[in-house]
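Hi everyone, thanks for coming. Let's look at a structure together, and please stop me whenever a term is new to you.

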Amino acid sequence: MKKYLITGCAGFIGSNFVYYMLNKHEDIQLVNLDKLTYAGNLENLKGAEGDARHIFVQGDICDRELVQGLFAEYDFDCVINFAAESHVDRSITNPEIFVATNVMGTVNLLQCAKDAWLQNGQWAPGKKYLQVSTDEVYGSLGAEGYFTEATPLCPHSPYSSSKASADFFVMAYHDTYGLPVNITRCSNNYGPYQFPEKLIPLMINNAKQHKSLPVYGDGMNVRDWLYVEDHCKAIDMVAEAGRDGEVYNVGGHNERPNIFIVETILAQLHERLADEAIGENLIRHVADRLGHDRRYGIDPAKIRRELGWYPETSFEVGIVKTIDWYLAHEDWMENVTSGNYQKYYDEMYKNK
Ligand code: NAD
Ligand code: TYD
C-alpha cells in the first residue's frame, strides 16, 4: 500500500485531489495535513468521511514536531505539498504569511522528508517529494510565446515570489542532498470548492446576487484555465512516474482574457436562472491590481511527451460543470461567505 502525506487538502485543489485519488486507487493511505485557514474547510471533505483510506490531521506544515511525528507513524512513500497561501491579492496586502507558509513550511517538509528517508547515508528506495507549484513563478508573457520548463523564474507578486522561493529550496534539497523530487507548475485552475476570492467563483457569486462584477483594469489580462480534475490527474501521474529532479508544466492551451470569462459566466447564469437582471450592465472596470501580470500561457509538451498526460475537460464543458456545481451548492457558498468573508471583500474592493 502506498502511503502519502498530502498537505493543504481541505482547500480547493487538494480536496478535489482527495476525491480523485480515492476513486482512482484502491490500495492507498492519504494522510491529509491542513491548518484549516480561511481557505480550508472540512465541508470540502464530506465525501471522504468514513473512508479509512483518508485520515485528516489539523495542523501547520511549519510544525516540525508534528510533521516528524507523522513521518514516524506512517512511514510515507510520497509527500505532495499543496498547502499554501494562494491568493495574489492577499499577498499584496499581507506578504509575511506567504513567506511563513509557502517558504518556511516547504523547507520544514523537505527537512522532515530528508530526516526520515536518509538513513546512514542511504536514501530509502521508492520515495518522492512533489511540490505543487504554479506557472506564476515564470512571470508574465507578452502577446507571443509560452512558458516551458526552461523559462527562467521571474516572479512579480509576493505570492509568486514565495512559490518560486519554495521551488528553489526543493531543487536545493535535490541537488545538495539527493532528495528525490518533482515540481509541477500548473496554470489557473477552476472547478468545485474554489474559494470565492478567485475570479470564477467570485463572479458567479456576485452575479447571482446582482452585485457588481469588479474587473481589474481593462479586463484583457490573459489566464490559461485548466479544469481542476485535469490538474489532479497530472499530479498523480508525476507522483507515479515523473523523472527524478524534473519539473513538469501543466496546462491545456486554454487562454482567455478575463473579460471573456466574466461574459461567459453572465451569459450562462442569465440563461440558466432566466434572470433578466443578470447581464453585462453588472460589469464594473475597477482599479488594476498592483503589478498585475499580463499573460500566462503554458507549454505542456513535456508532460504529454514523457507521461502521456492530456486534459480531458474542455473549457466549454468545464465552465458549465463548474457553474452547475455552484448552483447546486448554495449552502456551501453561504457557509464560506458568512464569517469573515464580507469584511475581506469590503476591505479588498473598497478603494478599487
Ligand atoms: P487554497 O487556498 O484553496 O487551499 C490552500 C489550503 O492550504 C487550505 O486548505 C489551507 O487551510 C491550507 N493551508 C494554508 N496554510 C497552511 C499551513 N501553514 N499548514 C497547513 N495547511 C495550510 O489553494 P488551492 O487553490 O487549492 O492551491 C493549492 C496549491 O496549488 C497551492 O500550493 C497553490 O500555490 C497551487 N496552485 C494553485 C493554482 C490555482 O489556480 N488555484 C494553480 C497552480 C498552482
Ligand atoms: P485570480 O483568480 O485571483 O488568479 P491569479 O491572480 O492567480 O491569476 O485572478 C485571475 C485573473 O482575474 C487575474 O488576471 C486577476 C483578475 N481578477 C479580476 O479582474 N477581478 C477580481 O475580482 C479577481 C479576484 C481577479
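I'll start with the ligand and then turn to two backbone angles. Keep in mind that this is a predicted model.

So, which residues come nearest to ligand 1? Out of the 28 residues around the ligand, they are I13, D34, S86, Y159 and K163. One of these, S86, has a polar side-chain atom 2.6 Å from an oxygen atom of ligand 1. The backbone joins in too: a backbone N or O atom of K35 sits 3.1 Å from a nitrogen atom of the ligand, and a polar backbone atom of L36 is 3.4 Å from one of the ligand's oxygen atoms. How much of ligand 1 does the protein bury? On its own the ligand exposes 840 Å², and 97% of that is buried by the protein.

Where does the shell come from? Helix 1 (12–24), strand 7 (128–134) and helix 5 (158–177) each give two or more residues, and strand 7 has the largest share, with three. By type, the shell holds twelve nonpolar, twelve polar and four charged residues.

Now for the angles. Most residues other than glycine have a negative phi. L36, which we met beside the ligand, has a positive phi of about 55 degrees, yet it is not a glycine. You'll find L36 in the loop between strand 2 (28–34) and strand 3 (54–58). H253 is not a glycine either, and its phi is positive at about 50 degrees. H253 belongs to the loop between strand 13 (246–250) and strand 14 (255–257).

Are these two buried or exposed? L36 is partly exposed because its relative accessibility is 24%, and H253 is partly exposed as well, at 47%. Thanks for listening!

Notes:
Residues are numbered from 1 along each chain as its sequence is written. Chains are lettered from A and ligands numbered from 1 in the order in which they are written. This is a predicted model: local features need pLDDT of at least 70, side-chain atom pairs count only at pLDDT 80 or more; totals for chains, interfaces and linings use all residues. Side-chain values use heavy atoms; hydrogens and water are left out. Helices (H or I, at least four residues) and strands (E, at least two) are DSSP runs, numbered from the N terminus. Buried means under 20% relative accessible area, exposed over 50%, partly exposed in between (1.4 Å probe, protein chains only). A residue is near a molecule or strand if one of its heavy atoms lies within 4 Å of it. A polar contact is a pair of N or O atoms within 3.5 Å; within protein, one must be able to donate a hydrogen and the other to accept it, and residues adjacent in sequence count only if both atoms are side-chain atoms. Accessible areas come from the Shrake-Rupley method with a 1.4 Å probe; for residues, only the protein chains shown count as cover. Ala, Val, Leu, Ile, Met, Phe, Trp, Tyr, Cys and Pro count as nonpolar, Asp, Glu, Lys and Arg as charged, and the others, Gly among them, as polar.
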